[in-house]
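Could you take me on a walk through this model? I have it open in my viewer and would like to know what to select next and what I will find there.

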Protein chains: 2
Amino acid sequence: MSDLGSALRAQGKRVTPQRRRILAAVTALAHATPDAVAKAVGEDGGVELPLSTIYRGLEVLEELGFVTHTHLDHHAPSYHLAEHATHIHLVCLGCGRVAEAEVEEAAGFTGNLRSRHGFDADVTHMAVHGWCADCAPDHGPHHGQGPG
Amino acid sequence: MSDLGSALRAQGKRVTPQRRRILAAVTALAHATPDAVAKAVGEDGGVELPLSTIYRGLEVLEELGFVTHTHLDHHAPSYHLAEHATHIHLVCLGCGRVAEAEVEEAAGFTGNLRSRHGFDADVTHMAVHGWCADCAPDHGPHHGQGPG
DNA sequence: TTGAATGCAAAAAATTTGCATATTG
DNA sequence: CAATATGCAAATTTTTTGCATTCAA
C-alpha cells in the first residue's frame, strides 16, 4: 500500500487500525464481498470487525481511491484494489473465475465508442462476462436462445 | 413480443395475465428494476402485483429468454428485453442515461480476448461505464486519482 | 380435476443508521 | 480536549420462501 496514513490525514480523516486491516484484507483477497472482507480481517488480525465498520471502512477507502468495487456476479458487490481496476475483468459464467485483460486490448473498442457515440468509456470499471477456455465446451444450452 | 404463450406452453408452464403484464411492463420500460416493473404494471393494468409475483415472473421470463438482467448501476438489477441485450449498454456515470452500441463495435476487442485469453466474451451482457458527450466536461474530480 | 401460479405475510439477506463509548490528533 | 470512528443494536431495503387459495389446462 502506498500511503494510507497520509492519504487519510490529507482528508482530515483518521488513521485507525481497522482501516489498515480492511485495506490489508482487500489487498490479500483481490476480489471480495464486504462479508468476505470481514472474514479475512478476522482470520488475519484476530478479532473480526462488525460489518458496519467494514462498510464504512470500504467507503472511505474507495473515497480515497485505494479500492474500487464492481458487480462481478449479479448479487454481491466485489471490492478490490484500485490498482487492480486498471485491468478489465473477465468473469466466467461457467466456473466464476475472474481473469484480467489489459486495458489496451479494448483500445479499438473504446475508440469506436468515442468517435461514434461521443462516449468516453472507463473500461477500468468494466466486467466482461463470458466463457473461459475450460468452460467453453459446456455452454450449449441456456445461451442465445431468445424468442425474437 | 414474439410468442410468450407458446414459449410458456412449450415448457409446461402456464400462461397467466400476470406474466403478460410483467413482460409488457419490461417492454415499455426498456430498463427497469423489479420495483419499477411493479409500479409500471400497476399504472398500466390497474392492480399492482406483489413484488413476489414480479420476481417470480421475471425469473420465468428470463428462463424463457424473453428478458435479461444486468447491474447497470451498483445497486439494483435492471431488467430489459432480451432483444435489447443484443446491444452493449453505455452507462453514463454523470447523468445515468443508458445509450446502446452495436455488438460489432466490440468485435476487435472480443477477438483479442478470444485469441489472447481463450475467453469467449458474451458482450450482450456487457455494461460499459463512462461519460457521455454531455457530461464529459464535468468529470475532472473523483476520477483516476488513485494512490499508487 | 389437477397441478402450477398467485397473493399475502413472514423470513432471510444485505446495507444503513443512531448513539454511547473509545480513540486519534 | 474536541472531534472522529468504532461497536452494537435496531431499522431499512431487497429478495426469497411457505402456504392456502385461485386459476389455467
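Start with DNA strand D and select what surrounds it: there are 17 residues, and Arg14(A), Gln18(A), Arg19(A), Arg56(A) and Tyr55(B) are the closest. On the DNA side, 62% of the strand D atoms that come within 4 Å of the protein belong to sugar and phosphate. Keep in mind as you go that this is a predicted model.

Now show side chains and step through some individual pairs. Pick Thr16(A): one of its polar side-chain atoms sits 3.1 Å from a phosphate oxygen of DNA strand D. Move on to Arg56(A), where a polar side-chain atom lies 2.9 Å from a base oxygen of DNA strand D. Then cross to the other chain and click on Arg14(B), which places a polar side-chain atom 3.4 Å from a base nitrogen of DNA strand D. If you colour by secondary structure, the elements giving two or more residues to this surface are helix 2 (17-29) and helix 4 of chain A, plus helix 4 of chain B. Colour by residue class instead, and the surface near DNA strand D shows seven charged, five polar and five nonpolar residues.

Next stop: DNA strand C. Which residues come nearest here? Out of 17 around DNA strand C, they are Arg14(A), Tyr55(A), Arg14(B), Gln18(B) and Arg56(B). Sugar and phosphate make up 62% of the atoms of DNA strand C within 4 Å of the protein.

Stay with chain B for a moment. Arg14(B), which you have just visited beside DNA strand D, also has a polar side-chain atom 2.3 Å from a base nitrogen of DNA strand C. Select Gln18(B) and look for a sugar or linking oxygen of DNA strand C, 2.9 Å from a polar side-chain atom of this residue. For Arg19(B), the partner to look for is a phosphate oxygen of DNA strand C, 3.1 Å from a polar side-chain atom. Helix 2 (17-29) and helix 4 (51-63) of chain B, along with helix 4 (51-64) of chain A, each give two or more residues to the surface near DNA strand C. By class, that surface divides into seven charged, five polar and five nonpolar residues.

Leave the DNA and colour chain A by domain: domain 1 covers 2-82 and domain 2 covers 86-139. Taken over C-alpha atoms, the centres of these two domains of chain A are 25 Å apart. Zoom in on where they meet, and you will find six residues of domain 1 in contact with eight residues of domain 2. About 570 Å² is buried between the two domains, with 61% of it on carbon and sulfur atoms. The domain 1 side of this interface has four polar, two nonpolar and no charged residues. How many salt bridges cross between domain 1 and domain 2 of chain A? The count is zero, and the number of residue pairs in polar contact across the interface is zero too.

For salt bridges, look elsewhere: the count over all chains is eight. One to select is Lys39(A) with Asp35(A), whose closest N and O atoms are 2.9 Å apart. These two residues are separated by about one helical turn, because they are four residues apart in helix 3 (residues 34-45) of chain A. Side chains of opposite charge can pair when their charged atoms come close.

Finish at His87(A), in strand 3 (residues 87-92) of chain A. Beyond its neighbours within four places in sequence, His87(A) is in contact with Glu100(A), Ala101(A), Glu102(A), Val103(A) and Thr124(A). Show the side chains of His87(A) and Glu100(A) to see the 2.9 Å polar contact that joins them. As a last distance to draw, try His87(A) to Leu113(A): 26 residues apart along the chain, their C-alpha atoms are separated by 19 Å.

Key: Residues are numbered from 1 along each chain as its sequence is written. Chains are lettered from A and ligands numbered from 1 in the order in which they are written. This is a predicted model: local features need pLDDT of at least 70, side-chain atom pairs count only at pLDDT 80 or more; totals for chains, interfaces and linings use all residues. Side-chain values use heavy atoms; hydrogens and water are left out. Domain bounds come from an automatic or database domain assignment. Contact means heavy atoms within 4.5 Å. Buried area is the accessible area (1.4 Å probe) that two parts lose on being put together, summed over both. A salt bridge is a side-chain nitrogen of Lys or Arg within 4 Å of a carboxyl oxygen of Asp or Glu. A polar contact is a pair of N or O atoms within 3.5 Å; within protein, one must be able to donate a hydrogen and the other to accept it, and residues adjacent in sequence count only if both atoms are side-chain atoms. Ala, Val, Leu, Ile, Met, Phe, Trp, Tyr, Cys and Pro count as nonpolar, Asp, Glu, Lys and Arg as charged, and the others, Gly among them, as polar. A residue is near a molecule or strand if one of its heavy atoms lies within 4 Å of it.
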